[in-house]
Amino acid sequence: MTRLTGRALRVTIFIGENDTWHHRPLYTEIVHRAREAGIAGASVFRGIEGFGASSLIHTSRLLSLSEDLPVAIVIVDTEERVRDFLPTLDALVTEGLVILDDCEVIRYVGREPNQGETGKEGKR
């Protein structure tokens, strides 16, 4: 299991839900590539409203635009690993926004392989 505590770097990628990479959702491609690169973690968040460089509002309130909602992918790891991953993002993200933030990891703990779905050993 990857250990991560202390100073880290967070990269957040803002794209559209309909953005693709070779007929696959772009957010899925980014998460899978991050995992293959040994990144500590990545999460995808679907927005309910937003706009970007095109200034076009995307919102879940309008049926005609609800199919391309904003998506944010957040990746956290050491500065070295995140910076090593940036060329991959540069190749994948042709439209959108990529930002970097310094952060501090307070707690990073995964589930042990023998624990059940509830995350508590012996309880189901």
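## Close-up views of a predicted model

**Figure 1. R33 and E29 pair up through their side chains.** The two side chains meet in a salt bridge, at 2.8 Å from N to O. This is a predicted model. Both residues sit in helix 1, which covers residues 26-36. R33 and E29 are 4 residues apart, so about one helical turn separates them. Their surroundings can be read from relative accessibility. R33 is partly exposed, with a relative accessible area of 27%. E29 counts as buried, at 10% relative accessibility.

**Figure 2. E79 and R83 form a salt bridge in helix 2**. The N to O distance is 2.9 Å. Helix 2 spans residues 79-92. Within this helix, E79 and R83 lie 4 residues apart, about one turn. Are these two residues buried or partly exposed? E79 counts as partly exposed, at 38% relative accessibility. R83 also counts as partly exposed, at 41%.

**Figure 3. Shared partners join R24, E29 and R33 into one network of salt bridges**. One of the pairs is R33 with E29, whose side chains meet at 2.8 Å, N to O. Helix 1 holds both R33 and E29.

**Figure 4. E17 and R46 meet across distant parts of the chain**. Their side chains form a salt bridge, at 2.8 Å from N to O. E17 lies in the loop between strand 1 and strand 2, the latter at residues 20-21. R46 belongs to strand 4, residues 41-46. In sequence the two are 29 residues apart. Which partner is buried, and which is exposed? E17 is buried, with a relative accessible area of 18%. R46 is exposed, with 54%. Side chains of opposite charge can pair when their charged atoms come close. The count for the protein comes to 6 salt bridges.

**Figure 5. The largest pocket holds about 460 Å³ of space**. Its lining is made of 18 residues. Those closest to the pocket centre are I15, G16, G52, A53 and G96. Which strands each supply at least two residues of the lining? They are strand 1, residues 6-16, and strand 5, residues 49-50. Strand 1 gives the most to the lining, with 3 residues. By type, the lining divides into 8 nonpolar, 6 polar and 4 charged residues. Rolling a probe the size of a water molecule over the atoms shows where empty space is left.

**Figure 6. The whole fold sets the scene for the close-ups.** The protein has 2 helices and 8 strands. What pattern do they follow along the sequence? The order is β-β-β-α-β-β-β-β-α-β. Helix 1 covers residues 26-36, and helix 2 covers residues 79-92. The protein has 124 residues, and buried residues make up 27% of them. E29 is one that counts as buried, and E17 is another buried residue. Contacts reach far along the chain: among those between residues at least 6 apart in sequence, 72% join residues at least 24 apart. The accessible surface comes to about 8800 Å². Carbon and sulfur atoms account for 49% of that surface.

Technical notes
Residues are numbered from 1 along each chain as its sequence is written. This is a predicted model: local features need pLDDT of at least 70, side-chain atom pairs count only at pLDDT 80 or more; totals for chains, interfaces and linings use all residues. Side-chain values use heavy atoms; hydrogens and water are left out. Buried means under 20% relative accessible area, exposed over 50%, partly exposed in between (1.4 Å probe, protein chains only). Contact means heavy atoms within 4.5 Å. Accessible areas come from the Shrake-Rupley method with a 1.4 Å probe; for residues, only the protein chains shown count as cover. On a 1 Å grid over the protein atoms alone, a cavity is a set of points where a 1.4 Å probe fits but cannot get out, and a pocket is an open set with protein on both sides within 12 Å along at least five of seven lines; lining residues have an atom within 4 Å of a point. Grid points are joined across faces, edges and corners, and a volume is the space filled by probe spheres set on the points. Ala, Val, Leu, Ile, Met, Phe, Trp, Tyr, Cys and Pro count as nonpolar, Asp, Glu, Lys and Arg as charged, and the others, Gly among them, as polar. A salt bridge is a side-chain nitrogen of Lys or Arg within 4 Å of a carboxyl oxygen of Asp or Glu.
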